[in-house]
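Hi there,

Here is the structure I promised to pass on to you. Have a look at it first, and then read on for what turned up in it.

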Amino acid sequence: MPFLLFAWAERHISSSLASVYNATTPLMTMAVAMLVLPSEPRTRDKTLGLLLGFVGVIVVLAPWNGLGHSGLAGQLACLGATACYGMGFTYLRRFVTPLALPSASVAAVQVSLAAVVMLALTPIAATGAT
């Protein structure tokens with residue numbers, strides 16, 4: 001899903017803006033991990049660091065200057081994509097890493113599944129593309 005969301009978002013926002021949103025991937029991963037992984041307890045320092053990171057992204061985005069030519073839907077799609085990354089990384093850490101599978105095999109399966117999803121959804125998502 002993140003590949004599809006970023007591809008769709010790039011039709012509606014600039015790549016520089018998408019790259020700023022892509023920088024929220026570690027923040028999203030930490031937020032999801034703190035919520036669902038017992039090995040990542042919520043501490044004051046982690047919560048403060050997470051909030052400070054999101055404040056930094058907001059400062060870089062400067063939403064008080066308006067959206068400009070960028071659509072809100074494209075920006076939300078980028079945030080959705082990084083949230084998917086965060087959930088995916090957390091899922092891997094909790095359920096796949098303990099299996100001690102070779103990392104190359106895990107990566108190959110991930111990319112293959114992403115390609116299948118992209119092939120299935122591209123005709124739907126690409127309608128109206130120029």
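Thr 90 sits in helix α5. Is Thr 90 buried or exposed? Its relative accessibility is 4%, and the cut-off for buried is under 20%, so Thr 90 counts as buried. Leaving aside residues up to four places away in sequence, Thr 90 touches Thr 29, Val 32, Ala 33, Val 36 and Leu 37. Please keep in mind as you read that this is a predicted model.

Now for the chain as a whole. It has six helices and zero strands, so if you follow the elements from the N terminus on, you will read α-α-α-α-α-α. Along the principal axes, the C-alpha atoms fill a box of roughly 45 × 40 × 20 Å. The chain has 130 residues, and 27% of them count as buried. Its accessible surface comes to about 8300 Å², with 73% of that belonging to carbon and sulfur atoms. As for contacts between residues at least 6 apart in sequence, 80% of them join residues at least 24 apart.

Next, the largest pocket. About 490 Å³ of space lies in it. Which residues come closest to the centre of this pocket? Of the 18 that line it, they are Pro 2, Phe 3, Gly 88, Gln 110 and Ala 114. Three elements give two or more residues to the lining: α1 (2–9), α5 (72–96) and α6 (103–125). The most comes from α5, which gives eight residues. By class, the lining of the largest pocket has 16 nonpolar and two polar residues, and no charged ones.

Phe 3 is worth a second look, this time for its ring. The structure holds four aromatic pairs. In one of them, Phe 3 and Tyr 85 meet edge-to-face, with 6.4 Å from centre to centre and 80° between the planes. Phe 3 lies in helix α1 and Tyr 85 in helix α5, so this pair ties together parts that are 82 residues apart in sequence. Ring pairs also link Phe 3, Phe 6, Tyr 85 and Phe 89 into a cluster. How accessible is Phe 3 itself? With 43% relative accessibility, Phe 3 counts as partly exposed, because that value lies between the limits of 20% for buried and 50% for exposed.

Ala 7 is another residue of helix α1. Ala 7 is partly exposed as well, at a relative accessible area of 41%. If you would like a distance to check on screen, try Ala 7 and Cys 78: they are 71 residues apart along the chain, and their C-alpha atoms are separated by 9.2 Å.

Then there is the loop between α5 and α6, where you will find Pro 98. Pro 98 has 57% relative accessibility and counts as exposed, since exposed means over 50%. Which residues does Pro 98 touch, not counting those up to four places away in sequence? They are Leu 92 and Arg 93. Pro 98 and Leu 79 are 19 residues apart in sequence, and from C-alpha to C-alpha they are 28 Å apart in space.

Ala 100 lies in the loop between α5 and α6 too. Its phi is near 55°, which is a positive value in a residue other than glycine. Ala 100 is exposed, with a relative accessible area of 64%.

Finally, a stop at helix α4 (residues 44–61), which holds Asp 45. Asp 45 is exposed, and its relative accessible area is 56%. Between the C-alpha atoms of Asp 45 and Phe 89 the separation is 22 Å, and the two residues are 44 apart along the chain.

If you have just a few minutes, I would start with the cluster of Phe 3, Phe 6, Tyr 85 and Phe 89, and then turn to the largest pocket, where Phe 3 is among the residues closest to the centre.

Happy viewing, and best wishes!

Terms used: Residues are numbered from 1 along each chain as its sequence is written. This is a predicted model: local features need pLDDT of at least 70, side-chain atom pairs count only at pLDDT 80 or more; totals for chains, interfaces and linings use all residues. Side-chain values use heavy atoms; hydrogens and water are left out. Helices (H or I, at least four residues) and strands (E, at least two) are DSSP runs, numbered from the N terminus. Buried means under 20% relative accessible area, exposed over 50%, partly exposed in between (1.4 Å probe, protein chains only). Contact means heavy atoms within 4.5 Å. Accessible areas come from the Shrake-Rupley method with a 1.4 Å probe; for residues, only the protein chains shown count as cover. On a 1 Å grid over the protein atoms alone, a cavity is a set of points where a 1.4 Å probe fits but cannot get out, and a pocket is an open set with protein on both sides within 12 Å along at least five of seven lines; lining residues have an atom within 4 Å of a point. Grid points are joined across faces, edges and corners, and a volume is the space filled by probe spheres set on the points. Ala, Val, Leu, Ile, Met, Phe, Trp, Tyr, Cys and Pro count as nonpolar, Asp, Glu, Lys and Arg as charged, and the others, Gly among them, as polar. Rings of Phe, Tyr and Trp (its six-membered ring) pair if their centres lie within 6.5 Å; planes under 30 degrees apart count as stacked, over 60 as edge-to-face and the rest as tilted.
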